[in-house]
Amino acid sequence: MKEELRTSEGAAPIGAYSQGLVVGDFVFTSGMGPLDPRTGEIVGDDVVTQTHQVMRNLGAILAAHGLGFDDVVKSTVHLQHLERDFAAYNEVYRSYFTEPYPTRTTVGSQLLGILVEIDFVAHKSA
């Protein structure tokens with residue numbers, strides 16, 4: 001059984017996908033970009049500003065199910081400019097977590113008008 005997660009505090013889907021799904025004890029988010037949830041506009045033109053907005057959007061989706069960043073067990077990150085932006089993005093990303101960090105895959109991707117997109121898998125402890 002899956003339950004949809006939806007919050008106005010995170011960026012609204014712009015296609016045929018859910019912000020997040022709860023399946024058992026796990027929460028899966030869709031890839032989130034740096035969109036302002038109120039205006040739908042891209043926030044910032046640098047990877048630091050965009051990464052902070054992505055993390056705010058993901059944090060809102062987690063919070064909609066009573067979770068936080070410490071519950072994240074896996075993330076997948078897409079960077080438009082992997083070599084150029086990795087260090088700056090990584091510094092922002094790291095600031096949202098404590099050790100042990102979630103497992104992570106970071107790849108260079110062709111993104112449409114944004115510099116970063118991230119999705120999470122989180123686990124709700126009993």
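**Figure 1. Alanine 11 in the loop between β1 and β2.** Alanine 11 is buried, its relative accessible area being 4%; here buried means under 20% relative accessible area, exposed over 50%, and partly exposed in between (1.4 Å probe, protein chains only). The model is predicted: local features need pLDDT of at least 70 and side-chain atom pairs count only at pLDDT 80 or more, while totals for chains, interfaces and linings use all residues. Residues are numbered from 1 along each chain as its sequence is written, and side-chain values use heavy atoms, with hydrogens and water left out. Helices (H or I, at least four residues) and strands (E, at least two) are DSSP runs, numbered from the N terminus. Not counting residues up to four places away in sequence, alanine 11 touches Gln19, Met32, Leu35, Pro37 and Asn57, where contact means heavy atoms within 4.5 Å. Threonine 51 lies 40 residues from alanine 11 in sequence, and the two C-alpha atoms are 13 Å apart in space.

**Figure 2. The salt bridge between glutamate 9 and arginine 38.** A salt bridge is a side-chain nitrogen of Lys or Arg within 4 Å of a carboxyl oxygen of Asp or Glu. In this pair the closest N and O atoms are 3.3 Å apart. The pair links distant parts of the chain: glutamate 9 belongs to the loop between β1 (2–5) and β2 (20–23), and arginine 38, 29 residues apart from it, to the loop between β3 and α1. Glutamate 9 is partly exposed, with 44% relative accessible area, whereas arginine 38 counts as exposed at 62% relative accessibility.

**Figure 3. The salt bridges of arginine 6 and arginine 84.** A search of the whole structure finds three salt bridges. Arginine 6 pairs with glutamate 4, and their closest N and O atoms are 3.2 Å apart. Of these two residues, arginine 6 is exposed at 54% relative accessibility, and glutamate 4 is partly exposed, with a relative accessible area of 42%. Arginine 84 forms a salt bridge with aspartate 85, with 2.8 Å between the closest N and O atoms. Here an exposed residue, arginine 84 at 55% relative accessible area, meets a buried one, aspartate 85 at 7%.

**Figure 4. Helix α2 and its kink.** Helix α2 (residues 82–94) has a kink of about 30° centred on alanine 88; the bend at a residue is the angle between axes fitted to the seven residues ending there and the seven starting there. Asp85, Tyr89, Asn90, Val92 and Tyr93 are buried in α2. An α-helix has 3.6 residues a turn, so residues three or four places apart point the same way. The buried residues of α2 pack against α1 (47–63), β4 (72–79), β5 (103–108) and β6 (116–123).

**Figure 5. The cis peptide bond before proline 100.** Proline 100 is placed in the loop between α2 and β5. The bond leading to proline 100 from glutamate 99 is cis, with omega near 0°. Most peptide bonds are trans.

**Figure 6. Aspartate 119 in strand β6.** Aspartate 119 is buried yet has no salt bridge. The nearest side chain of opposite charge belongs to lysine 74, at 6.9 Å; Lys and Arg count as positive and Asp and Glu as negative, while His and the chain ends are not counted. Beyond four places in sequence, the residues that aspartate 119 touches are Thr29, Ser30, Gly31, Lys74, Ser75 and Thr76.

**Figure 7. A nonpolar surface patch that includes phenylalanine 28.** Val23, Phe26, Phe28 and Val73 make this patch of about 300 Å². Patches are made of residues with over 30% relative accessible area and no salt bridge: like charges are joined within 9 Å, and nonpolar side chains (Val, Leu, Ile, Met, Phe, Trp, Tyr) within 5 Å. Accessible areas come from the Shrake-Rupley method with a 1.4 Å probe; for residues, only the protein chains shown count as cover. Phenylalanine 28 lies in strand β3 (residues 26–29) and is partly exposed, with a relative accessible area of 37%.

**Figure 8. Isoleucine 42 in the loop between β3 and α1.** Isoleucine 42 is partly exposed, at 39% relative accessible area. Leaving aside neighbours within four places in sequence, isoleucine 42 is in contact with Pro34, Leu35, Gln50, Gly113 and Ile114. The C-alpha atoms of isoleucine 42 and isoleucine 114 are separated by 7.4 Å, although the two residues are 72 residues apart along the chain.
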